[in-house]
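Me: I am new to this structure and would like to go through it step by step. Could you show it to me before I start asking?

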Amino acid sequence: MILSSLHLENFKKYTHFDIEFGEGLIGIIGKNGSGKSTIFEAILFALYGEAKIRGNKELIRNANVSTKDGVVVELLFEFESIIYRVVREFRGKALTANAKLFKNEELITSGAKEVTREIVRLTKMGKDAFMHTLFASQKELTSLSSLKPEERKKMIRKLLGLEKIDFVENSLVEKSRQLKREIDAFKEVLLGDEEVAQKHEQIQTHNADKEALAKEEKIKTEELEHIKQRELHIKKELGEFAKTKEQKQKLFSEFELAQHSHDSEVMNQVKLTAELHQLEHKYAEFKKLEPLKTEFVALQEQLKKEEQNREAFIKKEGILKEQKALADEWHKSKADIQLLEKECEMYEQYLFDAKNLNQELSIRQDNIEAKQTIERELLVEMAGEQKQIDVTNEKIANLETLGSESACPTCTRPLLEEYDNVINSLVQIVNNTHQKKVDEYAKQLLHVKTQKAELEAQKKLKEQEFAQLTNKIKVIESKLKDLKKAKEYFHHVEQKGIKNKEELKLLEQHSYDEKLHNQLKQNFTQLEPKHRHLLSLEAELKRLVLVKTDLQETNQKIAGLALTCKAKEAEFKSIIYDDKKHEQTNHEHETIFKTIDAKTANINQQKVLIARIEGEIKSIQGALTNNEIQKKKVQSKKDDVIDYEKIKTALAEFKTKLNAKIAPRISGLASSMYANITKGKYQHIEVSNDFDFFIYDEGKKYPIERFSGGEVDLANLVLRIAISKTLTELSGASSVEFLAFDEVFGSQDESRRMQILEAFHTIKEQYRQIFLISHETEIKEMFERVVEL
């Protein structure tokens, strides 16, 4: 795998950026902060959809663009002679992720997660493995020799991904300890063999007690059933007694009811007979007074007619008085209307004059505003000229203060002999130019103000005239309202008078005699009490027929009830009921019922004992069952501990074999490159299983710390490359053909930088691309291709 090109849009500091990588030793050169490391962050992001360090997605977007602008990273790379193009985008305010992967420009998958899975499948490396395999920094190179052995071992194991095996191994150890603690805890609660045997004996004892109680309960239940049968027989006898008693009581109640009804009807017969005698006497009296009824009705009709005549007479008198008052109001209203009409004759003329005056006022107001505009313009011009005068006078005063050595206010050269001429020239400018203009503007201003004052005086007179005319119009408008009301009132009076005349014609038909009216009232007063008494008798006599009918029906009821009483009495005496025997049977039933309750309570008590024994048996059985379940759990945990121990042993063997393979492989690769770089001076670098480094010098092994800084730098370089190659072999990603180093020169002096560059030139044939990121611009001539940022 090699990198071909990279395209960035709004990614971190890059708004728009394109780069072609090429092959060979490639230098990425630029000052600190120019975005060198950002290029490889973008490569990592394109492949795996994540930044080098996970964090807020918003930090990926360029700070100078809006949330509407998307983030685009496009990487073109070659893998096993096939061209791949991966495109990743973040769109919108929420930075929604999307991705596409092309193979020879044909889309093979899309979606952020789907593209990442395809890249991992293709390269056989995840993000962390890719970083550790292909990217190295100065810090990593220096740490290989400068760290303490334990820390160096930890760093290399992390690079190789072995810390994951350590994590699994530690997890297994902790899990085994936890399981052993749980097994020990279970031992505290599990039952011993003696306790289990004891509980089985308890269950047998309880079962024997339960069987004895059940047998006794069965005998008592049979006795209880026999007593209940006797109780049912007695209960049946009591039912018969109760039924007979109830029947006898019912017949006695019916006999008493019939006797009471008979006595009540006899009393009613006496009452109706007395009422009948009274009504027959009142009937005789009614027949004597009956002729008065016709006489009273005729008198009532005559009196009613006379009352109507009297009401018509009174109404006629009132209308005549009203007609006289209406005539006076009619004449007065007509005179008021004529007067108001005369006072409103000038209304239209006044409206016309007011309209004309309003137009004249508008014209004068426009003229005044025009004069005010001219006045403001003149004041502005005067202020401008006055400012020029003040500026020039200030220049004159400054020149007089400084004397002939002062600089010209125009060209800034010393005045010397021109001093007096400049002073005089400035004074003439003030007097002959600006002051004349100010005086001329003052004359014009005075003239404009005079004209404006005349216009304002004319406007004031017109306004007074308009106000007087407006008041007249308002007075007339008020009188017009009064005129309208007066006409409405005049029409009302006129219509009322016409209506009264029509009503008087109708009232002329009625004639009223007051003497006749009084005589009729006197006769009515004398006859009315007799008529009321007659009506009272007539109302009471309406019951005469009803009373006769009720009396006849009552006589029939008395006869019927007498026969009913006799029959009920005979039926009551015919029923035989022994009250004493009923009481004895009832007492016997109560005694048996109490016996049943006592025996039932005794049986229930035995059932409670049986249930309690069953509960104890169930509890003991539950304890035994739970003990078996817990024993199975403990056995399962013991089996897990054995499995964990087997896995730990297998992992330990795997680590031993892996270390035995990795350390020699790193040593072999590093030795080959180191011998080539040092031109055979040093033939071998040894890497121990604990990742301690040794260099062989003339056949003797020495710690890496013994050698000079330049030799150590080169050793660190080849060791790091060897680790990358080993990682590639372990992951199965044999097609990765590039390496990248970030600031490997660090603070090295020029000679050591050159040594490192020569080393890279020596090993470059092993890789199609080697990227070196540096801020050292002096070394750019050493690269086959340079990308300057």
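The questions below go from the whole chain to its helix pairs and then to its strands.

Me: Is this model predicted, and how many helices and strands are in the protein chain?
Reply: The model is predicted. Its protein chain holds both kinds of element, and the count is 15 helices and 14 strands.

Me: Is the protein chain spread out or a compact globule?
Reply: The C-alpha atoms fill a box of roughly 175 × 145 × 60 Å along the principal axes. For 789 residues the globule rule gives 28 Å, while the radius of gyration is 68 Å, well over that value. The chain is therefore, compared with a compact globule, more spread out.

Me: Are H8 and H10 roughly parallel or roughly antiparallel?
Reply: Helix H8 covers residues 292–343 and helix H10 covers residues 419–507. Their axes come within 8 Å and cross at roughly 155°. Angles over 145 degrees count as roughly antiparallel, so H8 relative to H10 is roughly antiparallel.

Me: How many residues of the contact of H8 with H10 are charged?
Reply: H8 passes H10 in a left-handed crossing. The residues of this contact include 15 nonpolar and 4 polar ones, and the number of charged ones is 14.

Me: In which sense does H7 pass H12, left-handed or right-handed?
Reply: Helix H7 (residues 193–289) packs against helix H12 (residues 544–574) with the axes 8 Å apart and an angle of about 160°. That angle makes H7 roughly antiparallel to H12. The contact between H7 and H12 has 16 nonpolar, 9 polar and 11 charged residues. The crossing of H7 past H12 is left-handed.

Me: Which residue in the turn between S1 and S2 has a positive phi?
Reply: Strand S1 (residues 2–11) pairs with strand S2 (residues 14–20) in the antiparallel sense over 6 bridges. Within this pair, His7 stands opposite Asp18 in S2. The two strands form a hairpin with 2 residues between them, and the turn residue with a positive phi, about 50°, is Lys12.

Me: What is the bridge partner of Val86 in S6?
Reply: Strand S5 (residues 82–91) and strand S6 (residues 96–103) run antiparallel and are joined by 8 bridges. Their hairpin has 4 residues between the strands, and Gly92 takes a positive phi near 80° there. On the S6 side, Val86 has as its bridge partner Leu101.

Me: Which residue in S7 does Lys100 stand opposite?
Reply: S6 is also joined to strand S7 (residues 106–110), by 4 bridges, and the two run antiparallel. Between S6 and S7 there are 2 residues in a hairpin, where Asn104 in the turn has a positive phi of about 50°. The residue of S7 opposite Lys100 is Ser110.

Me: Which are the edge strands of the open sheet with the order S9-S10-S11?
Reply: This sheet has 3 strands with antiparallel pairing, and its twist averages 35° from one strand to the next. An edge strand here pairs on one side only, and this holds for S9 (684–687) and S11 (700–703).

Me: What is the bridge partner of Asp697 in S11?
Reply: Strand S10 covers residues 693–697 and is joined to S11 by 4 bridges, with the two running antiparallel. The partner of Asp697 in S11 is Lys700.

Me: Which helix lies across S9 and S10?
Reply: The helix in question covers residues 579–677 and runs at about 160° to S9. The helix that lies across S9 and S10 is H13.

Note on methods. Residues numbered from 1 in each chain as written. Predicted model: local features only at pLDDT ≥ 70, side-chain atom pairs only at ≥ 80, totals over all residues. Heavy atoms only, no water. Axes fitted to C-alpha atoms, helices over the stretch in contact; angles between N-to-C directions. Parallel < 35°, antiparallel > 145°, perpendicular 65-115°, else oblique. Left-handed = near helix turned anticlockwise from the far one by under 90°. Nonpolar A, V, L, I, M, F, W, Y, C, P; charged D, E, K, R; others polar. Pairing = 2+ DSSP bridges. Contact = heavy atoms within 4.5 Å. Rg over C-alpha atoms; globule rule 2.2 N^0.38 Å.
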